[in-house]
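Hi,

Here is the structure I promised to pass on. Have a look at it first, and my notes follow underneath.

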Amino acid sequence: MNDIEKLIQIMGRLPGLGPRSARRAVLHLMKKREALLQPLIGAMQDVSAHVKTCTVCGNLDASDPCAICRDGGRDQTILCVVADVGDLWALERIATFKGRYHVLGGVLSALDGIGPEQLSIAGLLRRVEAGGVKELILALGATVDGQTTAHYLADRLQPYNLAISRLAHGVPVGGELDYLDDGTLIQALKARQKL
Ligand code: ZN
């Protein structure tokens, strides 16, 4: 396999890019070596070298703990639990939530064989046990697996006497938070329902 074919094959593994889009993207990069290819290589090297997973919340950032965990201006008593970093980004984009996050790294799924030990649930329990958290928002989407995970967590966290809520049903079934428009996401957060 030559170099270009190899690059096309790697690019084709990215979400949203099939072989055809990968070929188009690679061709475009070859035509724009100075303007696009070189900056892309640099940006990828920077991300690869500097970005790490926050050991507190699971966010991706250049520092550990991440900028959100270190921000003293954010409400330490509210934790928003999300499945993935993409969901955290979506919530940060609407700039409505002023607490901190906990990224589970997925949701429970019998079909995919994902149980509690595959997710950052022990870490969440440790954070709650450490004290200071009074409210928990489960922002896990409206899929069956998301709701199963929310109920599982509500059960596990019951002994800690927290106010537990989940996002309101403005979230479309099967919807990932990142696909929601900002208005819908703000409404879902504001009208969150007690579990
Ligand atoms: Zn963090």
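E5, helix H7 (residues 144-157) and E6 form a β-α-β unit with a right-handed crossover. Keep in mind throughout that this is a predicted model. The two strands of that unit run parallel and are joined by four bridges; Glu 135 in E5, for instance, has Ala 163 in E6 as its bridge partner.

E5 itself is well worth a look. Five of its five residues are buried, so the strand is largely enclosed by the rest of the structure. You can see this on both sides: Glu 135, Ile 137 and Ala 139 point one way, Leu 136 and Leu 138 point the other, and all of them are buried. Yes, that list includes a glutamate, Glu 135.

On to the partner in E6, which spans residues 163-166 and contains Ser 165. Is Ser 165 buried or exposed? Its relative accessibility is 5%, and because anything under 20% counts as buried, Ser 165 goes down as buried. Leaving aside residues up to four places away in sequence, Ser 165 touches two stretches of the chain: Glu 135, Leu 136, Ile 137 and Leu 138, and then Arg 192, Gln 193, Lys 194 and Leu 195.

Now zoom out to the sheet. It is open, has five strands in the order E4-E3-E5-E6-E7, and its pairing is mixed. E4 and E7 (193-194) are the edge strands, each with a single partner, so one side of each has no neighbour in the sheet.

E3 (residues 78-82) tells much the same story as E5, so let me go through it too. Five of its five residues are buried, so E3 is also largely enclosed by the rest of the structure. Ile 78, Cys 80 and Val 82 lie on one side and Leu 79 and Val 81 on the other, with both faces covered.

As for its neighbours in the sheet:

- E3 and E5 (residues 135-139) run parallel, with five bridges between them. Ile 78 sits opposite Glu 135, and Val 81 has Leu 138 as its bridge partner.
- E3 and E4 (residues 100-103) are parallel as well, paired over four bridges. Here Leu 79 stands opposite Arg 100.

A β-α-β unit turns up here too: E3, helix H5 (residues 85-94) and E4 make one, again right-handed.

If you want one residue to centre your view on, try Val 82, which is in E3. Val 82 has 0% relative accessibility and so counts as buried. What does Val 82 touch, once residues up to four places away in sequence are set aside? The list is Asp 87, Leu 88, Leu 91, Tyr 101, His 102, Val 103, Leu 104, Ala 139 and Leu 140. Set against the elements above, Asp 87, Leu 88 and Leu 91 fall within the residue range of H5, while Tyr 101, His 102 and Val 103 fall within that of E4. Should you want a distance to check in your viewer, Val 82 and Arg 156 are 74 residues apart in sequence and 16 Å apart from C-alpha to C-alpha.

Then there is the metal. Which residues coordinate the zinc ion? The donors are the SG atoms of Cys 54, Cys 57, Cys 66 and Cys 69, at 2.3 Å. Their spacing in sequence reads C-x2-C-x8-C-x2-C. The angles that the four donor atoms subtend run from 104 to 116°, which makes the arrangement tetrahedral. For reference, the ideal angle for four tetrahedral donors is 109.5 degrees. Two of these cysteines I can place for burial: Cys 54 is buried at 3% relative accessible area, and Cys 57 is buried at 2%. The disulfide count comes to zero.

Finally, some overall numbers. The protein has eight helices and seven strands, and its C-alpha atoms fill a box of roughly 60 × 35 × 35 Å along the principal axes. Of its 195 residues, 38% are buried. Counting contacts between residues at least 6 apart in sequence, 55% join residues at least 24 apart.

Best wishes

Technical notes:
Residues are numbered from 1 along each chain as its sequence is written. This is a predicted model: local features need pLDDT of at least 70, side-chain atom pairs count only at pLDDT 80 or more; totals for chains, interfaces and linings use all residues. Side-chain values use heavy atoms; hydrogens and water are left out. Donors are N, O and S atoms within 2.8 Å of the metal (3.2 Å for Na, K and Ca); water is not among the atoms, so sites may look incomplete. Four donors count as tetrahedral if all angles lie between 85 and 135 degrees; four count as square planar and six as octahedral if opposite donors are over 155 degrees apart and all others between 65 and 115; anything else is irregular. Buried means under 20% relative accessible area, exposed over 50%, partly exposed in between (1.4 Å probe, protein chains only). Two strands pair if DSSP finds at least two bridges between them. A crossover is right-handed if, with the strands pointing away from the viewer, the path from the first strand over the helix to the second runs clockwise. A disulfide is a pair of cysteine sulfur atoms within 2.5 Å. Contact means heavy atoms within 4.5 Å.
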